[in-house]
Amino acid sequence: MYFNNKLFGTFFIFTLFIIGIYSVSIPIKKELEFNNDKTLIFRSYSNDHINQDNEIDQKYLSIINHIEENGHIVKVFNENSPDNNELNNDFILIGGNKLINNLSLLKKHVEKRVPIIFLNVNDNDKKEFCSLVKNVCIFKGEHNILGYIPKSMNSLKYHSVFNWMKSNKMDETNVVSVGYDEKLKSVLSTNETVETIVGDFNSDYKSMTNSLLLKLLEKVSGPTPSLVPPTNDTLPFAYFENTYPVSFQGAINPAVASKVSEQTYSLSITNHIYLYKDVPNNLIYSIVYQDGYMLPGDQLGINNPKVAIGSFTTSFGITNSLSFSNGQTPDGDLFNLESSSPQTVDQTHTTTNEVSTDMSIGVSFDVNPDGGGGGASFEETWSSSSSETNTITDYGVNEMSNPVTMESAWMYHQQFPFDVYTWGYLNFGDWYQSAYDGNCDVAQPPPLSTSTLQTSTSWKWKFDGSLIENGSLNVDLTTSFTLSYSMISCPGFYTNHHKLFYCETGGSTNQAYDFNGF
């Protein structure tokens, strides 16, 4: 190693090698267990807690009361009170449109990294706050709950966001009835489109508030520690996460609606976003780990094998597309889908699936770069892995990620004892016998179709630094989902035919990010 008196140069090279090993699904569970082992303290903004007419907003009060029913403490917060100087930061500030429009107060609490929960706020209310804090807001749509939750892990500071929207973008539901006449060897079908009824406030606020409390109690989410690089200015890194829950009423053919109980489907998608900056090569990498949960209600509308079973999930698809806020459409040299996982896997039988995502980033810097030749050279290597392998049964996954459009996409679908997604609902006459056991008993669907189906996917995008404008890389991430669910019935339930009642719907959410905001 050579040293020059005029120059002492130091050159570091770090290799970042990230391996994510994920199964196609996680073990089944009916719901997240909610156990309080910590009491949270909420301070309700006085101007929202009681308005100028001394009236209390009933939706606001419902959430406040449910928080207290779970053993947490809610106190009224008056910003002009002299007692505020004695407050520590171990509380959650909660309020409505009055709080979100008090920008000076919000700035103080954002700087102190105090969690802030907004109830019943609209687009105009959110505008200033969304400009204040990056990578938080869904700009379009009114919120029942918008939760901004700063967190930390060792020296890493990040935030978690909870979005319960008032109105969700849900497609209409396609409702199909398909019957097979064994004597005539023919298929009879009807098709109609009905409105998808999104869950209302009164039916959902307790479960949604429980989900929020889990976030605040740090019961769920957070970065995978092994994917967080060592603290070092030469490897800029950021992490944040966004959760989007929704519920809606399962549709059913009107002719048999009186024969089954109502089902409420629950869906939750969380994006865990890891950002890495390759300074020497002027690149930004984004790895997104996406968790999805789908539950077809606490119990099925009907579960009598000698009559009918349903409705149960038969397929669940997720597509993620990225657009640039300035309208540009860069080519593959500037923006690229580098990898995605899991790959297509056939899981007619119990299997353990492992997939991986990797990337390499060269990071370097020079000390005293001026002067003549010579200097010093050092090399370090950091490698890390994250693994999660689970055995699941009777489900398959089709990867449909598109390297041309840069979309990441997967379809999870039931394969055993029958596969509606692959075989086709209109082909029911070709495979209907697989849906029954013996003397016309309906075959029991697998647990992943009747309980919580949890999906876990990941992908990596690469961005060229030339896409950065005015210091920002503003992008819109749209996550779309499709869902199909079915009911199988024996002859005599509705007609004298074997029947398949099939429903298909979908929805989407859009989140704006600055991928250079770190």
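Throughout these exercises, buried means under 20% relative accessible area, exposed over 50%, and partly exposed in between (1.4 Å probe, protein chains only). The structure is a predicted model, in which local features need pLDDT of at least 70 and side-chain atom pairs count only at pLDDT 80 or more, while totals for chains, interfaces and linings use all residues. Residues are numbered from 1 along each chain as its sequence is written, and side-chain values use heavy atoms, with hydrogens and water left out.

**Exercise 1. Backbone exceptions**

Task: Determine where N154 and N282 lie, what sign their phi angles have, and whether each is buried, partly exposed or exposed.

Solution.
Step 1. Most residues other than glycine have a negative phi, and most peptide bonds are trans.
Step 2. N154 is not a glycine, yet its phi is positive, about 55°. This residue belongs to the loop between β6 and β7 (156–165); helices (H or I, at least four residues) and strands (E, at least two) are DSSP runs, numbered from the N terminus. With a relative accessible area of 78%, N154 counts as exposed.
Step 3. N282, also not a glycine, has a positive phi of about 55°. N282 is located in the loop between β12 and β13, and its relative accessible area of 42% makes it partly exposed.
Step 4. Two cis peptide bonds can be added. One runs from S341 to P342, with omega near 5°, and P342 is in the loop between β16 and β17 (351–352). Another runs from F416 to P417, with omega near 10°, and P417 is in the loop between β22 (408–414) and α7 (420–423).

**Exercise 2. The surroundings of S286**

Task: Locate S286, state its accessibility, and describe the strands that pair with its own strand.

Solution.
Step 1. S286 is part of strand β13 (residues 283–295). Its relative accessibility is 0%, so S286 is buried.
Step 2. The strand as a whole is largely enclosed by the rest of the structure, because 12 of the 13 residues of β13 are buried.
Step 3. Strands pair if DSSP finds at least two bridges between them. Strand β12 (residues 264–278) is joined to β13 by 13 bridges in the antiparallel sense, with I269 opposite G292. Strand β25 (residues 453–464) is likewise antiparallel to β13, through 12 bridges; there, L283 has D464 as its bridge partner.
Step 4. Contact means heavy atoms within 4.5 Å. Leaving aside neighbours within four places in sequence, the contacts of S286 include I273, Y274, L275, W459 and W461.

**Exercise 3. The nonpolar cores**

Task: Which residues of the largest nonpolar core touch the most other members?

Solution.
Step 1. A nonpolar core is a set of buried Ala, Val, Leu, Ile, Met, Phe, Trp, Tyr and Cys residues joined through side-chain atoms within 4.5 Å.
Step 2. The largest core has 45 residues, and F335, W461, F463, L473 and F515 touch the most other members.
Step 3. A second, separate core has 22 residues, including F42, V74, I92 and I94.
Step 4. Beyond four places in sequence, W461 is in contact with residues including S286, V288, L322, F335 and M406.

**Exercise 4. Helix α5 and strand β2**

Task: Establish which residues of α5 are buried and which are exposed, then give the strand partners of β2.

Solution.
Step 1. In helix α5 (residues 123–132), the buried residues are D125, K126, F129 and C130.
Step 2. These fall within an arc of 115° seen down the axis of α5, so they line one face of the helix; the arc is that of the directions from the helix axis to the C-beta atoms.
Step 3. The exposed residues N124, K127 and S131 sit on the face turned away from the buried side of α5. Cover for the buried residues of α5 includes α3 (97–100), α4 (103–111), β5 (116–121) and β6 (143–153).
Step 4. In strand β2 (residues 41–45), 4 of the 5 residues are buried. β2 runs parallel to strand β3 (residues 73–77) over 5 bridges, with S44 and V76 as bridge partners.
Step 5. β2 also pairs in the parallel sense with strand β4 (residues 92–95), over 3 bridges, where R43 is the bridge partner of L93.
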